Amino acid sequence: MDRSRRGTRFPISVGTRGGVRPGARAVAVLGVAVLAALAACGGQGSAGQAEGRLVLAAPRDLAAGPEDPYFTHRTLRVWEPLVTLDDEMRPAPALATGWERSDRGRRWTFTLRGGVRFSDGTPLTAEAVVANIERFRRIAPRPSAFFSLDAGMEAAYGKLAGVRAEAGKVVFTLAEPVADLPARLADFYSMIQAPSAFGPGGDFTGKPVGTGPYTLASWSKGQQVELAANPGYWGGKPAFDRIVVRTIPDANARVAALRAGEVAGLIDKGALLPGQVAAVAADGRFRVTRTPSVLTHYLTFNASRKPLSDPRLREAVDLAIDRKAIAGKLLAGTAAPGSPFLSPVFGALSDPGVRSAYDPAGARRLVDAAGRPARPVSILISSAETGQFPYTDIAEVLRADLEDAGLPARVNVAEATRAVMEAGDYDLFLSAYSVPNGDPDYLFRRFLRSDAAWNRDRNLGYRSDAFDRLIDRAAAAGGADERRELYHGVQRLLADDRPMIPLAYQDNPVVTSTAVTGLVQSPAYLVDLAKLAPSR
């Protein structure tokens, strides 16, 4: 990574109660000061939007290349899934207009939308859908820059016995019942592209060939993606003939480009740092859209080694954290304090009975009982995420909170966090996670099940037969009430065991110039580029 493009780090002082001491430079205040300085650099130009052309920016590459399972992120609208999600994270029609369940969830039949063609002109057929699902089964496990297939297909489809075309429909047959296969398939796990786009090994042989409103015109890794309108799109031609999405990892550089008129909008997760939101929203040239999202900031514990193999010290860490201060000050009110493992975006599946306590004195008592560790606890963060969230500052607050509780701590900023975790050289890992679909089973099965590769390879050390049984029962539960109660039980168990703890539930602010209308964002922080249009 180009170190010159990382987000600026700001030192911060922390009080014994986890809040920011008077005089400390909180991120919200810094964001205002930085943006005020940027405002003097120039007004809105015209480069971000020209006739039929729109330029946007994102914190990361939204095209990952031919070896990635998807090539492009769903946001670019090059490809479409069988099933998508509505604003309440419920499965909704996309390339499939409907579905039927039979044999208690062992058989699911999907009806396809008629008249759809891939961007190369070939028709969407049930056979093409089957070829895509079989490709996923063939290449998994495989990492992705977006949502990995590294957990294998069971995390996506359950125990899939087979998939076939039958009278123009697509039929999934499962060895064991799956309660809500459409929710699992939503978005990334049912990406559909023309089978001709893939080679025998599953890699792309050229550009992606999807059914979306845009096609990939060009792509320069780490620089930008250029999209061209798909004239044959079944949903109608989009308003912009061309959309360019620039990759600008540095948060201040993104806002500077917006204010200078070099780009007409900022999209994707972490588009605006929390401390930047108020100042950008106050500028009449811009329109900020904030929506609740599935992004949750978690602390992951390395319980495979001392000191956090001791459950008393994991509890001490949990009690030492002032989540309200983190959400309200460092995340500048763009997040809510975390409690249950599942965020409120999951509706009734999130357990409102789980409450995180802030008890520094209780944390100190637990540390005294367990014994002060001989070495500092390491807090690992990714340098790539510091341009999306104020993780350097949050990590410093966490360090001070832990030290107040009697746990000496240090912060480790790394580019290759996976390698650090696999080497076991960390105690706490701060990162934001979401789901690629509408089923929380993904989070539980991929991260925390006893046999999950992520759990094993990254040294979480979490082994719970009770947890495994609960998530397996929830995955097959046919009734909504039964499933809700099982997932509430899962969250209560995790609140006691603490393999991972939620710090905050993140909103995702995105922004466009007022010269652009139609900015819509889903809870999965997907901006619908096809709905963007020039303001009239």
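Is alanine 183 buried or exposed? In this predicted model, alanine 183 has a relative accessible area of 0%, so it counts as buried. Let's start from there and work outward.

Alanine 183 sits in helix α4, which covers residues 181–185. What does alanine 183 touch, once its neighbours within four places in sequence are set aside? The contacts are Pro91, Asn437, Gly438 and Asp439. Take aspartate 439: there are 256 residues along the chain between its position and that of alanine 183, yet the two C-alpha atoms are separated by 5.5 Å.

Now to a sheet. Four strands make up an open sheet, ordered β6-β7-β9-β8, and the pairing is antiparallel. At the edges you'll find β6 (96–102) and β8 (160–166), each of which pairs on one side only. From one strand to the next, the twist averages 20°. If you want to follow one pairing in detail, try β6 with β7 (residues 107–112): the two strands pair in the antiparallel sense over 6 bridges. Within that pairing, glycine 98 stands opposite threonine 111 of β7. A helix joins the picture here too: α2 (residues 126–139) packs on the sheet and touches β7, β8 and β9 (169–174). The direction of α2 makes about 160° with that of β8.

Further along the chain there's a hairpin to look at. Strand β11 (residues 214–220) and strand β12 (residues 224–229) run antiparallel, joined by 6 bridges. One facing pair is serine 218 and glutamate 226, the latter in β12. The hairpin has 3 residues between its strands, and in the turn glycine 222 has a positive phi of about 75°.

Next comes helix α5, residues 251–259. How many of the 9 residues of α5 are buried? The count is 7, and the helix is mostly covered. The buried set is Ala251, Asn252, Arg254, Val255, Ala257, Leu258 and Arg259. It's worth pausing on arginine 259: with a relative accessible area of 5%, this arginine falls under the 20% cut-off, and therefore it is classed as buried. The C-alpha of arginine 259 is 9.0 Å from that of phenylalanine 286, a residue 27 places away in sequence. Both ends of α5 have something to show. At the start, a side-chain oxygen of aspartate 250 comes to within 3.1 Å of the backbone nitrogen of asparagine 252. Just after the helix, glycine 261 takes a positive phi of about 80°.

To finish, head for a pair of helices, α14 (residues 465–476) and α15 (residues 480–497). Their axes come within 9 Å and cross at roughly 160°. Because that angle is over 145 degrees, α14 is roughly antiparallel to α15. The crossing of α14 past α15 is left-handed. Which residues meet where these helices pack? On the α14 side they are Ala466, Phe467, Leu470, Ile471, Arg473 and Ala474. On the α15 side you'll see Arg483, Leu486, Tyr487, Gly489, Val490, Leu493 and Leu494. The spacing is a familiar one: an α-helix has 3.6 residues a turn, so residues three or four places apart point the same way.

Technical notes
Residues are numbered from 1 along each chain as its sequence is written. This is a predicted model: local features need pLDDT of at least 70, side-chain atom pairs count only at pLDDT 80 or more; totals for chains, interfaces and linings use all residues. Side-chain values use heavy atoms; hydrogens and water are left out. Two strands pair if DSSP finds at least two bridges between them. Buried means under 20% relative accessible area, exposed over 50%, partly exposed in between (1.4 Å probe, protein chains only). A polar contact is a pair of N or O atoms within 3.5 Å; within protein, one must be able to donate a hydrogen and the other to accept it, and residues adjacent in sequence count only if both atoms are side-chain atoms. Axes are lines fitted to C-alpha atoms, for helices over the stretch in contact, and angles run from 0 to 180 degrees between N-to-C directions. Angles under 35 degrees count as roughly parallel, over 145 as roughly antiparallel, 65 to 115 as roughly perpendicular and the rest as oblique. A crossing is left-handed if the near helix is turned anticlockwise from the far one by less than a right angle, and right-handed if clockwise. Contact means heavy atoms within 4.5 Å.
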